[in-house]
Amino acid sequence: MGQTQNEEFQNKVCIITGGAGSIGMESAKLMYEAGARVMLVDQDRDSLEIAKTNFKDDGRIMVCEADVSDSAQTKDYITKTITKWDKIDILFANAGFSGTSAPITNYPDDIFDKVMAVNVRGSFLACKYALPEMNNKGSIIITSSIMGVTARPGSIAYITSKHAVIGLMRGVAKEAAPRNIRVNVLAPGPVDNAFQLEIEERASKASGTNVTEMLNNWISLGRHASPQEIANTAYFLASNKSSFSTGSVFMADGGMHI
């Protein structure tokens with residue numbers, strides 16, 4: 001925890017869903033180190049407890065186990081946050097589920113529904129219940145993906161969900177603008193983390209090709225991102241450095257989409 005506190009983030013209240021994953025955790029570290037108070041939300045209690053050990057026991061970190069697609073559990077993590085710290089300044093709707101790899105004609109209905117529930121409904125509920133509890137001039141960040149602006153075979157649920165959250169973001173941005181609350185999408189390309197590795201291993205098995213190598217060839221910068229690089233973009237969107245940006249898709253994909 002080497003950074004000095006940034007006055008801009010001092011005592012700001014931040015909720016991060018998918019907070020025990022690599023992008024959520026690295027984003028939390030940056031905001032915490034800059035003085036923020038952070039609520040980490042994830043469905044895995046054990047991972048949350050491990051994540052909590054990355055921070056000092058100084059009252060600026062909380063964790064909450066929750067299914068982000070459930071209304072009552074969404075209300076619960078928001079209520080716990082505002083009960084302890086009052087209003088919310090930053091919402092990072094980052095929780096995600098990749099689904100499986102299959103053509104649309106074989107794609108399991110129940111897995112499609114789960115992907116949509118976590119990725120789309122989870123972001124919708126976070127915005128719905130957090131917005132009334134947010135300070136004016138706050139920031140909402142929703143994680144989409146390179147698959148939110150392009151497509152490939154075999155991931156119909158994930159692609160559909162990541163396109164959908166861009167539409168959600170644009171609608172919320174219009175509604176939140178009178179309060180000067182900014183709403184943007186962060187769209188990572190392939191990231192060197194467990195979430196992406198699972199997708200690539202599954203796709204490699206289904207296609208009989210080395211999908212990781214193939215992706216690196218497609219990415220203009222020739223490599224996967226580190227979680228820290230994606231977190232840097234989240235930090236920018238949470239900060240006043242992005243004060244005139246709303247309704248936008250911020251790519252962090254190494255040029256994969258161009």
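**Exercise 1. Is strand β5 (residues 134-143) largely enclosed by the rest of the structure or left open, and how many of its residues are buried?**

Solution. Keep in mind as you work that this is a predicted model.

Step 1: count the burial. Of the ten residues in β5, seven are buried, so the strand is largely enclosed by the rest of the structure.

Step 2: look at one flank. Strand β4 (residues 88-93) pairs with β5 in the parallel sense, and five bridges join them. Leucine 91 has isoleucine 140 of β5 as its bridge partner. To get from β4 to β5, the chain runs through helix α4 (residues 109-130), and this β-α-β crossover is right-handed.

Step 3: look at the other flank. β5 and β6 also pair in the parallel sense, over five bridges. Here isoleucine 142 is matched with valine 185 in β6.

**Exercise 2. Work out the strand order of the open sheet and find the strands that stand at its edges.**

Solution. Step 1: read across the sheet. Its seven strands follow the order β3-β2-β1-β4-β5-β6-β7, and the pairing is parallel.

Step 2: find the ends. β3 (61-65) and β7 (249-252) each have a single partner strand, so one side of each lacks a neighbour in the sheet. From one strand to the next, the twist averages 20°.

Step 3: check a pair. Strand β1 (residues 13-17) pairs with strand β2 (residues 37-42) in the parallel sense over five bridges, and isoleucine 16 stands opposite leucine 40 in β2.

Step 4: add a helix. Helix α5 (residues 156-176) lies across β5, β6 and β7, and runs at about 160° to β6.

**Exercise 3. Describe how helix α3 (residues 71-85) packs against α4.**

Solution. Step 1: set up the description. Two packed helices are described by the angle between their axes and by the distance between those axes.

Step 2: fill in the values. α3 and α4 pack at an angle of about 45°, and their axes are 10 Å apart. The two helices are therefore oblique to each other.

Step 3: assign the hand. The crossing of α3 past α4 is right-handed. On the α3 side the contact is made by Ser71, Thr74, Lys75, Tyr77 and Ile78, and on the α4 side by Arg121, Leu125, Ala126, Tyr129 and Ala130.

**Exercise 4. Decide whether asparagine 193 is buried or exposed, and place it in the fold.**

Solution. Step 1: locate the residue. Asparagine 193 sits in the loop between β6 (182-188) and α6 (194-207).

Step 2: apply the cut-off. Buried means under 20% relative accessible area; asparagine 193 has 13%, so it is buried.

Step 3: list the neighbours. Leaving aside residues up to four places away in sequence, asparagine 193 touches Ser22, Ile23 and Pro227.

How values were computed
Residues are numbered from 1 along each chain as its sequence is written. This is a predicted model: local features need pLDDT of at least 70, side-chain atom pairs count only at pLDDT 80 or more; totals for chains, interfaces and linings use all residues. Side-chain values use heavy atoms; hydrogens and water are left out. Helices (H or I, at least four residues) and strands (E, at least two) are DSSP runs, numbered from the N terminus. Buried means under 20% relative accessible area, exposed over 50%, partly exposed in between (1.4 Å probe, protein chains only). Contact means heavy atoms within 4.5 Å. Two strands pair if DSSP finds at least two bridges between them. A crossover is right-handed if, with the strands pointing away from the viewer, the path from the first strand over the helix to the second runs clockwise. Axes are lines fitted to C-alpha atoms, for helices over the stretch in contact, and angles run from 0 to 180 degrees between N-to-C directions. Angles under 35 degrees count as roughly parallel, over 145 as roughly antiparallel, 65 to 115 as roughly perpendicular and the rest as oblique. A crossing is left-handed if the near helix is turned anticlockwise from the far one by less than a right angle, and right-handed if clockwise.
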